[in-house]
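Please open the model in a viewer and keep the sequence panel visible. The tour below proceeds by selection, with a short account of what each selection shows.

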Amino acid sequence: MDGNEKNIDELTAKPNAARMYDYYLGGANNFGVDREAAERIFEACPDARLFALTNRAFLRRAVRFLTEQGIDQFLDVGSGIPTVGNVHEVAQKANPNARVVYVDIDPVAVSYSQELLEGNANASAIRADARHPKLILAHPEVRRLLDLSRPLGVLLVAVLHFIPDDGEAYATVKTLRGEVAPGSYIAISHATHESMPLEAVKKGEEIYSRTTNPARARSRSEIERFFDGLALVEPGVVYAPLWRPETPSDLLVDQPERSQSLVGVGLKTV
Ligand SMILES: C[S@@+](CC[C@H](N)C(=O)[O-])C[C@H]1O[C@@H](n2cnc3c(N)ncnc32)[C@H](O)[C@@H]1O
């Protein structure tokens, strides 16, 4: 699938998740429609920015953890617009030979990533839909850069809540789990409504329903189900700030529920 040729009017007609998230993080790769929708999210969910910041911090810690386990190749699905601490930067700092393929459904996110990766022989970005994991794994860039017979780090970070249909969301993870080699890890973060007032959840989902990426927060048990068939790494499924924090003053370690995100890392053992 390739939609990089979409014209700018089409791309800016509706807000989209990648650019709204870029705005939450203080980035400049967003348009007026995205900023308006993001501001409405801030009204409904004042901690949305904290969600984004703690989510990025989890992503960095998870990638570092995986490199420490010897993982040297990553598939980052729903990778977003490049920002501080991109996966290839974190992974290649630990291991200059680490390989990364970024995957996103949004053509803008993909072209920013491709631009950033120019000249990096070990990283690439492709446009594809997480709901079609077999197509992702068969993609020529994935085949060129990643050796699927060896352990892989699969990152599904803040993307599964953009697959509101349970059947599709669980099938995405199950297929990836089935296809990767034993010794692979799957890292997941997911928006949860466990610690949010119902009104805010409804309002947030309503705002996202008018973007190109309808979203759905899930409960703790629904999020835990994504790890079925995997061995959960300690400390299990926890609020993002509590997943192997690096210092006692890490953001929201003292108020982890405000991250509104449950995260975990699972290992495929067989
Ligand atoms: C909130 S951003 C997360 C970016 C990055 N993973 C992070 O955690 O910092 C979610 C990303 O998922 C992408 N996305 C949404 N639905 C997708 C799908 N079905 N397939 C691939 N990417 C998708 C969006 O375009 C967006 O870039």
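The stops begin at the ligand and then pass to the nonpolar cores, some buried loop and helix positions, and the backbone exceptions.

The model is predicted: local features require pLDDT of at least 70, side-chain atom pairs count only at pLDDT 80 or more, and totals for chains, interfaces and linings use all residues. Residues are numbered from 1 along each chain as its sequence is written, and side-chain values use heavy atoms, with hydrogens and water left out.

**Stop 1: the ligand**

Select the ligand together with the residues near it, that is, those with a heavy atom within 4 Å of it. This shell has 19 residues, and the closest are Y21, N55, R56, G78 and D104. By class, nine are nonpolar, five polar and five charged. Here Ala, Val, Leu, Ile, Met, Phe, Trp, Tyr, Cys and Pro count as nonpolar, Asp, Glu, Lys and Arg as charged, and the others, Gly among them, as polar.

Next, display distances from the ligand oxygen atoms. A polar side-chain atom of N55 lies 2.7 Å from one ligand oxygen atom. For R56, a polar side-chain atom is likewise found 2.7 Å from an oxygen atom of the ligand, and for D104 the corresponding distance is 2.6 Å. Taken alone, the ligand exposes 600 Å², of which the protein buries 98%; these areas come from the Shrake-Rupley method with a 1.4 Å probe, and for residues only the protein chains shown count as cover. Helix 2 and helix 4 (48-68) are the elements that give two or more residues to the shell. Helices (H or I, at least four residues) and strands (E, at least two) are DSSP runs, numbered from the N terminus.

**Stop 2: helix 2**

Select residues 17-24. How many residues of helix 2 are buried? Eight of its eight residues are, where buried means under 20% relative accessible area, exposed over 50%, and partly exposed in between (1.4 Å probe, protein chains only). Among them are R19, Y21 and D22. At the start of the helix, a side-chain oxygen of N16 reaches to within 3.2 Å of the backbone nitrogen of A18. After helix 2 comes G26, with a positive phi near 85°.

**Stop 3: S79**

Move to S79, in the loop between strand 1 (73-77) and helix 5 (87-94). S79 has a relative accessible area of 12% and is therefore buried. Leaving aside neighbours within four places in sequence, S79 is in contact (heavy atoms within 4.5 Å) with R56, Y102, V103 and D104. R56 and D104 are also among the closest residues to the ligand.

**Stop 4: the nonpolar cores**

A nonpolar core is a set of buried Ala, Val, Leu, Ile, Met, Phe, Trp, Tyr and Cys residues joined through side-chain atoms within 4.5 Å. Select L75 and L156, which touch the most other members of the largest core, a set of 33 residues. Among the elements that each supply at least two residues of this core are strand 1, strand 2 (99-104), strand 4 (153-157) and strand 5 (185-191). Helix 9 gives the largest share, four residues. Beyond four places in sequence, L156 is in contact with V77, V173, L176, I186, A187, I188 and S189. A second, separate core has 28 residues, including F58, V63, A123 and L155.

**Stop 5: H88 and N122**

Select H88 in helix 5. Its relative accessibility is 6%, so H88 counts as buried. Its contacts beyond four places in sequence include V100, Y102, L116 and A123.

N122 is in the loop between helix 6 (107-117) and strand 3 (123-127). At 16% relative accessibility, N122 also counts as buried. Residues that N122 touches, beyond four places in sequence, include Q92, P96, V100 and L145.

**Stop 6: backbone exceptions**

Most residues other than glycine have a negative phi, and most peptide bonds are trans. Select A158, in the loop between strand 4 and helix 9; its phi is positive, about 55°, and the residue is buried at 12% relative accessible area. L252, in the loop between strand 7 and strand 8 (261-267), has a positive phi near 65°. L252 counts as buried at 7% relative accessibility.

Finally, select E234 and P235, which are joined by a cis peptide bond with omega about 5°. P235 lies in the loop between strand 6 (231-232) and strand 7 (238-239).

Definitions and conventions: Polar contact = N/O pair within 3.5 Å; in protein donor to acceptor, adjacent residues only side chain to side chain.
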